[in-house]
Structures are given as structure tokens and as C-alpha cells.
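Morning, everyone. Please pull up the model on your screens, and let's walk through it together.

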Amino acid sequence: MAKKTLLLIGTKKGAFLAEDDGARSAWRLRGPFCEAWPINHVVGDREISTIWCAGGNEWFGAAVWKSDDLGRTWSHSSEGITYGEGETPIKSAWSLGRKNGVLYAGVEPAGLFRSDDGGASWRHIAGLREHPSRERWQPGGGGLILHSMVLDEEDDRRLWVGISTAGVFHSADGGASWEPRNSGTRCDYLPEEMRYPEFGQCVHCLVAAPGVAGRLYQQNHCGMYRSDDGGLNWHSIENGLPSSFGFPVVVHPRDPDTVYLLPLNGDVLGRYVPEGKCAVWRSRDRGASWQALRRGLPQDNAFIGVLRQAMATDALEPAGVYFGTTSGSLFASADEGESWAVIAEHLPTITSVETLAVDG
Amino acid sequence: MADESAPAPEVVVILPEALTRLFADSATRITVRASAVGDIIAELERRWPGMGDRLCDSTPQIRRHINVFAGGRRLGLDGVLEQGAVVTIMTGVIG
């Protein structure tokens with residue numbers, strides 16, 4: 001059966017789905033779903049044709065939405081998404097990860113939950129918030145959020161999370177215990193002698209490269225980094241980029257040396273693409289050099305911002321690359337970033353983009 | 001002294017559509033027996049599992065932007081109800 005690509009789109013006013021024609025040349029948009037709740041992340045599982053959306057509503061709190069029929073019908077649950085009576089209420093679900101039948105959710109204030117029943121109920125992975133540094137975690141501009149998670153390809157017990165503004169943490173025992181993994185990432189917002197703390201870094205997005213154990217990339221508030229040892233040591237790879245500031249980073253689905261990001265002009269300068277000219281930046285050599293990809297992207301008065309979860313690749317050949325903007329435009333490339341087209345406009349602020357291959 | 005064997009007051013509860021849309025087969029107007037607002041929340045949770053979490057946080061208290069009114073007053077979970085009370089649950093103004 002022919003395969004189609006489904007884009008899973010989170011926005012400030014609901015989730016949307018965009019389905020292609022099988023050739024990634026025409027797209028049909030559906031939504032908004034989830035009662036127009038703010039949705040921070042949308043993921044899917046092709047094997048069971050299920051989509052989950054992480055979100056939170058100012059009136060009704062945090063929940064994870066679920067559709068078992070690719071968006072036709074929806075339910076939601078927050079059963080178990082709590083730190084317990086008397087503890088700080090959870091405001092929103094921020095990020096989702098899926099592996100071997102387990103669904104993980106990162107939330108605000110920062111913490112990690114898991115569901116073993118497809119999102120019907122949740123269990124707190126308490127070890128992370130029991131880390132002694134937790135009392136000193138500080139919220140970033142988007143709140144104290146657990147926005148990134150990396151689930152090891154080989155070992156279910158190994159996972160990494162990114163917390164703003166606490167940094168990267170790693171567990172090798174399924175979440176029972178954690179340690180900071182921030183060595184080499186700096187905090188430009190601290191005095192010079194304090195710029196490399198054990199934790200407290202403002203990681204913006206954390207991803208793993210396929211097929212190379214321990215290869216991680218992160219876009220940080222203060223630089224772009226690569227690790228080749230599971231985050232024990234981070235190396236700056238921002239040389240050649242127009243800015244050290246940005247939010248998303250994604251890796252090619254098969255080539256661990258090819259990485260994409262979208263630098264913005266700086267944290268206090270408006271947070272849009274430099275000079276109002278939109279470009280995705282790609283490295284083919286794990287960050288040693290960078291190339292601006294602009295064909296088809298707006299180059300005049302484009303004051304575009306892209307949020308941390310709003311960029312994705314698909315698994316096709318050649319790989320597709322996608323990103324959504326804070327101003328509600330969705331861009332797609334079907335040729336690894338060489339050329340781009342806008343495939344949706346006038347959406348609410350796009351918070352996340354993921355891809356899912358579905359039967360056509 | 002209250003007669004503890006007496007049935008709890010019968011009250012009418014009006015729910016916002018923004019809430020009932022989240023739960024299949026729920027209704028915007030129901031009648032329940034409840035001595036306090038907390039009893040209403042418990043009954044809503046019994047009828048439509050998960051609804052209690054939409055209305056209350058883990059403190060536990062009524063969520064910040066949810067309002068519960070009866071008899072011209074805004075009530076918390078321990079708000080006492082009388083026979084025939086009309087309890088209106090509303091989403092608050094934000095933004």
C-alpha cells in the first residue's frame with residue numbers, strides 16, 4: 001500500500017494534521033483538534049495508527065489527548081499526571097516520547113511521567129525531581145519545562161531529558177536516578193567565572209543522532225553543541241553560524257553527521273531570523289561547517305521565529321525537512337533542505353512539528 | 001445538630017459547554033445530592049471519570065480560572081449547599 005506522510009502539528013490553538021498526496025507535493029490540512037487547547041507537542045505511532053497531543057489549558061489544566069483513528073475522534077486523560085496532593089499543580093504537558101509501547105510525557109513544572117497503557121493513565125518518574133539540584137532549577141522564558149527527551153535506541157533504561165533552565169540530565173536506570181550532563185555548555189547570562197556550572201544551562205532542544213551510540217546534538221540558549229559520549233562532554237559547533245541562539249535542532253533520519261537548525265538573531269534582539277531573511281542551516285559534517293539553505297524561503301522582511309519543537313524530518317529518501325513558525329506558516333522541503341515551499345499559512349503559533357508515515 | 005441520616009440536599013448543577021464537550025454523554029444541567037461543592041465534584045468524577053481533574057488541581061482546590069457560584073456567592077470546595085440550590089460552574093475570564 002502506498003505510504004503517505006502525515007505532519008503532526010501542535011499550535012497555541014489546537015492540533016492540526018497535514019496529509020500529503022504521497023509525493024510530498026500537495027497537502028491537505030485538518031483541524032483544529034483538541035478543542036483548540038494549547039498543544040505543545042504531537043507524536044504518533046504508525047503501528048497502531050495512534051496520535052497523542054501534549055497540552056494544557058488555562059481553565060482545565062494539563063492533559064494528553066489521544067486519537068486512535070488518525071484524528072477523527074479524540075479523548076483526553078490526565079489520570080496520574082500529578083505530583084500529589086499539596087504539591088505544585090502541573091500546568092501543562094510539554095513533550096512526548098514513545099518507545100516499545102511506553103509513552104513518556106514531560107511537563108511544566110519540570111518532571112517526567114510514563115504511561116504503559118497508551119496514555120490512559122500515567123505514573124510519575126519521581127527520581128528526576130528527587131535530584132538534589134531540583135530546588136535550584138529556574139524557569140526560562142517559557143516556564144520551568146521538560147521539553148526534550150531522548151530515548152536510547154538500544155537500551156530502554158537509558159534516557160536523557162532537557163529542562164529549561166536546568167540543563168540536560170541523564171538516567172541509565174530507567175529514571176530511578178539522574179545526573180547532570182552539561183559539561184562544556186555555557187551560560188552567557190552568568191558572570192564569566194560562573195559560566196560553566198554543573199547544571200542550570202538553558203538547553204533549548206536536545207536530540208540524538210541515528211546509528212551512533214552517544215551522539216547527541218543540542219541547540220542551547222547560548223550556543224550549538226554536539227556530544228559523542230552521551231552528554232558527558234559537549235563541544236561547541238557554532239562556528240560558521242550567523243548566531244549562537246535558536247530553538248530547534250533536528251538530525252537527518254539516517255545520517256548522524258547531518259543536522260539542521262534555524263538560528264535566530266539573538267535572545268534580546270527580537271528572536272527572529274537574522275536580517276529578516278529566513279534560512280535553515282545544515283551541516284553535513286557533524287557541525288564542523290554549515291550551509292545556509294534559502295531557496296524558496298522568504299528573504300525580505302521575514303521576521304520569523306521558530307520554536308523548539310517546531311522542526312522535524314521524515315524518514316523518506318530523500319529526507320523531508322519541515323518547520324513551523326510563530327506566525328503560523330508551515331514550510332516543507334522534500335529534498336533534504338535544498339528547496340522549500342510553504343504548505344500552510346495563517347495557522348496559530350506553531351509549537352511543534354513531527355512526522356508520521358501512514359498507509360495511503 | 002444536623003441529622004446525619006438525612007439525605008444530602010438536592011441541588012441543580014449547571015456546567016459550561018467548554019467542559020461538557022470534553023466528556024462524551026455528559027450534560028450541561030444535572031441534579032445531584034450534595035452537601036458541599038466537593039460532593040458535586042466527586043459526583044461529577046463518578047459519572048464522568050476525569051472531570052474532577054478538569055475542575056480541581058492537586059492542591060486540592062477549584063482551579064484558578066474556574067468559578068463555582070451559588071446563591072450569589074463564589075464558593076470553594078467546602079462551600080455548603082442548601083436544598084434546591086442552583087450551582088453554576090463557569091470558566092473565568094482570562095486575558
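In what order do the four strands of the open sheet with β20 in chain A run? The order is β20-β21-β22-β23, and the pairing is antiparallel. A quick reminder before we go on: this is a predicted model.

Now the edges of that sheet. β20, residues 245-251, stands at one of them, and β23, residues 291-293, is at an edge too. Each has a single partner strand, so one side of each is left without a neighbour in the sheet. Between neighbouring strands here, the turn averages 30 degrees, direction ignored.

Zoom in on β23(A). Strand β22 of chain A, residues 280-283, pairs with β23(A) over three bridges, in the antiparallel sense. Look for Trp281(A): opposite it, in β23(A), stands Ala292(A).

Next sheet, still in chain A. Four strands make an open sheet here, ordered β4-β5-β6-β7, with antiparallel pairing. Which strands stand at the edges? They are β4, residues 39-45, and β7, residues 75-77. Each has a single partner strand, so one side of each has no neighbour in the sheet. From one strand to the next, the twist averages 25 degrees. Strand β6 of chain A, residues 61-67, is joined to β7(A) by three bridges, and the two run antiparallel. Trp65(A) has His76(A) as its bridge partner in β7(A).

Step back to the whole of chain A. How many helices and strands are there? Zero helices, and 28 strands. The radius of gyration is 19 Å, and the globule rule gives 21 Å for 360 residues, so chain A is as compact as a globular protein of that length. Its C-alpha atoms fill a box of roughly 50 × 50 × 40 Å along the principal axes. Buried residues are 51% of the 360. Now take the contacts in chain A with a separation of 6 or more: 51% of them are between residues 24 or more positions apart.

On to the inside. In soluble globular proteins, nonpolar side chains tend to be buried together. The largest nonpolar core here has 106 residues. Among those touching the most other members are Ile9(A), Cys53(A), Ala105(A) and Leu330(A). Take Cys53(A). Leaving out residues up to four places away in sequence, Cys53(A) touches Gly10(A), Ala15(A), Cys34(A), Ile39(A), Val42(A), Val64(A) and Trp65(A). You met Trp65(A) a minute ago, as the bridge partner of His76(A). Another core lies apart, with 21 residues, including Ile40(B) and Leu81(B).

That takes us to chain B. Strand β1 of chain B, residues 10-14, runs parallel to β5 of chain B, residues 86-91, and three bridges join them. Val13(B) is opposite Val87(B) in β5(B). Strand β3 of chain B, residues 66-70, also joins β5(B), by four bridges, and that pair is antiparallel. There, Val68(B) has Ile89(B) as its bridge partner.

Where do the chains meet? The contact takes 16 residues from chain A and 15 from chain B. On the chain B side, five are nonpolar, five polar and five charged.

One last stop: is Ala315(A) buried, exposed or partly exposed? Partly exposed, with 16 other C-beta atoms within 10 Å. Find Ala315(A) in the loop between β24 and β25 of chain A. Ala315(A) touches Pro253(A) and Ala357(A), not counting residues up to four places away in sequence. Glu135(A) is 180 residues from Ala315(A) along the chain, and their C-alpha atoms are separated by 40 Å.

That's the tour. Over to you.

Notes
Residues numbered from 1 in each chain as written. Chains lettered and ligands numbered in written order. Predicted model: local features only at pLDDT ≥ 70, side-chain atom pairs only at ≥ 80, totals over all residues. Rg over C-alpha atoms; globule rule 2.2 N^0.38 Å. Buried ≥ 20, exposed ≤ 12 C-beta atoms within 10 Å, placed from the backbone. Contact = placed C-beta atoms within 7 Å. Nonpolar A, V, L, I, M, F, W, Y, C, P; charged D, E, K, R; others polar. Core = buried A, V, L, I, M, F, W, Y, C linked by C-beta atoms within 7 Å. Pairing = 2+ DSSP bridges. Axes fitted to C-alpha atoms, helices over the stretch in contact; angles between N-to-C directions.
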